[in-house]
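I am opening a notebook on a structure that is new to me. My entries follow the order in which I looked things up.

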Amino acid sequence: MADEVATLAGGCFWCTEAVYQNLKGVKSVESGYIGGAVPDPTYEQVCSGATGHAEAIRITYDPAVISYADLLAIFFATHDPTTLNRQGNDVGTQYRSAIFPHSPEQEAEARAGIALAQADQLNPIVTAVEPDAPWYPAEDYHQQYWERVGDRNPYCMAVIPPKLAKLRKGFAERIEA
(Lines give C-alpha, C1' and ligand atoms only; values in the text may rest on other atoms or scores of the structure.)
Protein backbone atom coordinates (compact mmCIF):
# COMPACT_ATOMS: atom_id res chain seq x y z
CA MET A 1 0.00 0.00 0.00
CA ALA A 2 1.34 3.46 -0.89
CA ASP A 3 2.06 6.06 1.77
CA GLU A 4 -0.63 8.67 2.37
CA VAL A 5 -0.63 12.22 3.70
CA ALA A 6 -2.72 13.83 6.45
CA THR A 7 -2.71 17.57 7.16
CA LEU A 8 -3.89 18.72 10.59
CA ALA A 9 -3.90 22.07 12.39
CA GLY A 10 -4.30 21.95 16.16
CA GLY A 11 -2.55 25.03 17.50
CA CYS A 12 1.20 25.51 17.71
CA PHE A 13 2.87 23.19 15.23
CA TRP A 14 5.73 22.45 17.63
CA CYS A 15 3.17 20.93 19.97
CA THR A 16 1.22 18.89 17.41
CA GLU A 17 4.37 17.70 15.65
CA ALA A 18 5.71 16.24 18.92
CA VAL A 19 2.60 14.06 19.30
CA TYR A 20 3.02 12.32 15.93
CA GLN A 21 6.83 11.95 15.73
CA ASN A 22 7.10 8.47 17.24
CA LEU A 23 3.95 6.71 16.13
CA LYS A 24 4.13 3.35 14.42
CA GLY A 25 3.44 3.83 10.72
CA VAL A 26 4.29 7.55 10.65
CA LYS A 27 7.11 8.08 8.17
CA SER A 28 7.56 11.84 8.62
CA VAL A 29 6.00 14.90 10.20
CA GLU A 30 6.61 18.33 8.72
CA SER A 31 5.55 21.64 10.26
CA GLY A 32 4.19 24.26 7.91
CA TYR A 33 1.50 26.70 6.89
CA ILE A 34 -1.76 26.09 5.03
CA GLY A 35 -5.08 27.76 4.33
CA GLY A 36 -4.02 31.35 3.81
CA ALA A 37 -3.81 33.92 1.04
CA VAL A 38 -0.12 34.91 0.99
CA PRO A 39 2.24 32.75 -1.08
CA ASP A 40 5.27 31.35 0.77
CA PRO A 41 4.60 33.10 4.10
CA THR A 42 7.19 33.48 6.82
CA TYR A 43 6.67 32.50 10.45
CA GLU A 44 6.47 36.16 11.42
CA GLN A 45 3.79 36.82 8.79
CA VAL A 46 1.71 33.83 9.90
CA CYS A 47 2.09 34.78 13.59
CA SER A 48 0.67 38.22 12.81
CA GLY A 49 -2.62 36.55 11.89
CA ALA A 50 -2.82 38.62 8.71
CA THR A 51 -2.13 35.85 6.17
CA GLY A 52 -5.01 33.53 7.05
CA HIS A 53 -2.70 30.52 7.33
CA ALA A 54 -2.88 27.94 10.08
CA GLU A 55 0.18 26.48 11.74
CA ALA A 56 -0.19 22.84 10.77
CA ILE A 57 1.57 19.54 10.37
CA ARG A 58 1.76 17.30 7.33
CA ILE A 59 2.03 13.63 8.26
CA THR A 60 3.25 11.03 5.79
CA TYR A 61 2.11 7.62 7.00
CA ASP A 62 1.66 4.00 6.02
CA PRO A 63 -2.10 3.27 6.10
CA ALA A 64 -1.37 -0.45 6.46
CA VAL A 65 0.13 0.34 9.90
CA ILE A 66 -1.86 3.35 11.12
CA SER A 67 -5.15 4.55 9.69
CA TYR A 68 -6.34 8.06 8.96
CA ALA A 69 -9.08 7.44 11.54
CA ASP A 70 -6.40 6.64 14.14
CA LEU A 71 -4.52 9.84 13.29
CA LEU A 72 -7.77 11.78 13.76
CA ALA A 73 -8.56 10.07 17.07
CA ILE A 74 -5.10 11.07 18.34
CA PHE A 75 -5.65 14.61 17.01
CA PHE A 76 -8.89 15.03 18.94
CA ALA A 77 -7.47 13.47 22.12
CA THR A 78 -4.35 15.67 22.24
CA HIS A 79 -5.69 19.18 21.59
CA ASP A 80 -8.83 21.14 22.49
CA PRO A 81 -11.11 21.03 19.44
CA THR A 82 -13.77 23.12 21.22
CA THR A 83 -11.97 26.48 21.34
CA LEU A 84 -12.31 28.73 18.31
CA ASN A 85 -9.02 30.13 17.03
CA ARG A 86 -7.19 29.26 20.21
CA GLN A 87 -5.16 26.59 21.96
CA GLY A 88 -4.37 27.55 25.53
CA ASN A 89 -2.58 30.90 25.52
CA ASP A 90 -2.10 30.83 21.72
CA VAL A 91 -4.86 32.99 20.24
CA GLY A 92 -5.55 33.80 16.60
CA THR A 93 -6.75 32.15 13.41
CA GLN A 94 -3.26 30.72 12.90
CA TYR A 95 -3.95 28.46 15.92
CA ARG A 96 -7.33 27.19 14.72
CA SER A 97 -8.36 23.56 14.86
CA ALA A 98 -8.73 22.37 11.27
CA ILE A 99 -8.44 19.31 9.08
CA PHE A 100 -7.32 19.66 5.46
CA PRO A 101 -8.41 16.45 3.67
CA HIS A 102 -6.55 15.31 0.58
CA SER A 103 -9.42 13.27 -0.89
CA PRO A 104 -13.19 12.86 -0.65
CA GLU A 105 -12.56 9.75 1.45
CA GLN A 106 -10.46 11.73 3.94
CA GLU A 107 -13.14 14.43 4.04
CA ALA A 108 -15.81 11.86 4.89
CA GLU A 109 -13.55 10.33 7.57
CA ALA A 110 -12.81 13.80 8.98
CA ARG A 111 -16.50 14.57 9.35
CA ALA A 112 -17.11 11.14 10.90
CA GLY A 113 -14.14 11.69 13.22
CA ILE A 114 -15.59 14.99 14.42
CA ALA A 115 -18.94 13.34 15.13
CA LEU A 116 -17.24 10.49 17.00
CA ALA A 117 -15.02 12.84 19.04
CA GLN A 118 -18.00 15.01 20.00
CA ALA A 119 -19.17 12.29 22.39
CA ASP A 120 -16.06 12.94 24.52
CA GLN A 121 -16.53 16.72 24.67
CA LEU A 122 -18.72 18.87 26.90
CA ASN A 123 -18.69 21.77 24.44
CA PRO A 124 -19.31 21.69 20.69
CA ILE A 125 -16.32 20.84 18.51
CA VAL A 126 -15.36 23.79 16.31
CA THR A 127 -12.74 21.98 14.23
CA ALA A 128 -13.17 23.09 10.62
CA VAL A 129 -12.86 20.81 7.62
CA GLU A 130 -11.15 23.10 5.11
CA PRO A 131 -10.29 22.47 1.47
CA ASP A 132 -6.81 21.26 0.66
CA ALA A 133 -4.65 24.27 -0.14
CA PRO A 134 -1.05 25.06 -1.02
CA TRP A 135 1.35 23.77 1.63
CA TYR A 136 4.33 25.83 2.71
CA PRO A 137 6.92 24.06 4.87
CA ALA A 138 7.93 26.08 7.90
CA GLU A 139 11.48 27.30 8.24
CA ASP A 140 14.07 24.64 9.10
CA TYR A 141 14.40 25.76 12.71
CA HIS A 142 10.74 24.74 13.31
CA GLN A 143 11.19 21.14 12.10
CA GLN A 144 11.46 18.44 14.80
CA TYR A 145 11.51 21.30 17.30
CA TRP A 146 10.60 19.25 20.39
CA GLU A 147 13.24 16.60 19.68
CA ARG A 148 15.95 19.19 19.05
CA VAL A 149 15.37 22.00 21.55
CA GLY A 150 11.91 21.75 23.06
CA ASP A 151 13.11 20.73 26.50
CA ARG A 152 14.90 24.10 26.74
CA ASN A 153 11.76 26.06 25.86
CA PRO A 154 9.50 26.80 28.87
CA TYR A 155 6.43 27.09 26.62
CA CYS A 156 7.05 23.63 25.15
CA MET A 157 7.75 22.17 28.57
CA ALA A 158 4.37 23.44 29.78
CA VAL A 159 2.35 22.26 26.77
CA ILE A 160 3.94 19.19 25.20
CA PRO A 161 4.44 16.76 28.14
CA PRO A 162 0.68 16.77 28.97
CA LYS A 163 -0.10 16.04 25.30
CA LEU A 164 2.39 13.18 25.29
CA ALA A 165 0.87 11.84 28.52
CA LYS A 166 -2.56 11.79 26.87
CA LEU A 167 -1.02 10.01 23.89
CA ARG A 168 0.61 7.37 26.12
CA LYS A 169 -2.58 6.89 28.13
CA GLY A 170 -4.95 6.46 25.21
CA PHE A 171 -2.75 5.16 22.39
CA ALA A 172 0.20 3.32 23.96
CA GLU A 173 -0.02 0.52 21.40
CA ARG A 174 0.53 3.06 18.60
CA ILE A 175 3.84 4.41 19.97
CA GLU A 176 7.14 3.02 18.72
CA ALA A 177 9.32 1.48 21.42
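**Entry 1: a loop residue**

Is Asp-40 buried or exposed? I am working from a predicted model, and in it I find Asp-40 exposed, because its relative accessible area of 56% is over the 50% cut-off. I located Asp-40 in the loop that runs between β2 (26-34) and α2 (43-47). I then looked up its backbone and noted a phi near 50 degrees, which is a positive value in a residue other than glycine. For background I wrote down that most residues other than glycine have a negative phi.

**Entry 2: another positive phi**

I turned next to Asn-85, which also is not a glycine and has a positive phi of about 55 degrees. Asn-85 sits in the loop between α3 (68-77) and β4 (86-87). How is Asn-85 classed by its relative accessibility? I read 22% for Asn-85, and it therefore counts as partly exposed, since that class lies between the 20% and 50% cut-offs.

**Entry 3: the whole protein**

I stepped back to the overall layout and counted 6 helices and 8 strands in the protein. Following the sequence from its start, I wrote the pattern as β-α-β-α-β-α-β-β-β-α-β-β-α-α. The radius of gyration is 15 Å, close to the 16 Å that the globule rule gives for 177 residues, so I recorded the protein as being as compact as a globular protein of that length. Along its principal axes, the C-alpha trace spans about 35 × 35 × 35 Å.

I also looked up how contacts are distributed along the chain: among those between residues at least 6 apart in sequence, 75% join residues at least 24 apart.

**Entry 4: surface and charge**

Buried residues make up 47% of the 177 residues. The protein exposes about 8400 Å², and I noted that carbon and sulfur atoms supply 56% of this area. For charge, I listed 13 positive and 23 negative side chains, with the centres of the two sets lying 7 Å apart.

**Entry 5: two helices**

How many of the residues of helix α1 (residues 13-20) are buried? I found that 8 of its 8 residues are, and I entered the helix as mostly covered. Among the buried residues of α1 are Phe-13, Trp-14 and Tyr-20, and also Glu-17.

I then moved to helix α5 (residues 145-149), where Val-149 lies. Val-149 has a relative accessible area of 18%, which is under the 20% cut-off, so I counted it as buried. As a distance check I took Val-149 and Thr-82, which are 67 residues apart along the chain, and found their C-alpha atoms separated by 29 Å.

**Entry 6: a buried threonine**

My last stop was Thr-127, which I placed in the loop between α4 (104-118) and β7 (128-129). Thr-127 is buried, because its relative accessible area of 8% falls under the 20% cut-off. What does Thr-127 touch, leaving aside its neighbours within four places in sequence? I listed contacts that include Phe-75, Phe-76, His-79 and Pro-81, as well as Ala-98, Ile-99 and Ile-114. Ser-97 is also in contact with Thr-127, and I noted that a polar contact of 2.6 Å joins the side chains of these two residues. Finally, I checked Thr-127 against Gly-10, which is 117 residues away along the chain, and found their C-alpha atoms separated by 8.7 Å.

Technical notes. Residues are numbered from 1 along each chain as its sequence is written. This is a predicted model: local features need pLDDT of at least 70, side-chain atom pairs count only at pLDDT 80 or more; totals for chains, interfaces and linings use all residues. Side-chain values use heavy atoms; hydrogens and water are left out. Helices (H or I, at least four residues) and strands (E, at least two) are DSSP runs, numbered from the N terminus. The radius of gyration is taken over C-alpha atoms; the globule rule is 2.2 Å times the number of residues to the power 0.38. Buried means under 20% relative accessible area, exposed over 50%, partly exposed in between (1.4 Å probe, protein chains only). Contact means heavy atoms within 4.5 Å. Accessible areas come from the Shrake-Rupley method with a 1.4 Å probe; for residues, only the protein chains shown count as cover. Lys and Arg count as positive and Asp and Glu as negative; His and the chain ends are not counted. The place of a charge is taken as NZ of Lys, CZ of Arg, CG of Asp or CD of Glu. A polar contact is a pair of N or O atoms within 3.5 Å; within protein, one must be able to donate a hydrogen and the other to accept it, and residues adjacent in sequence count only if both atoms are side-chain atoms.
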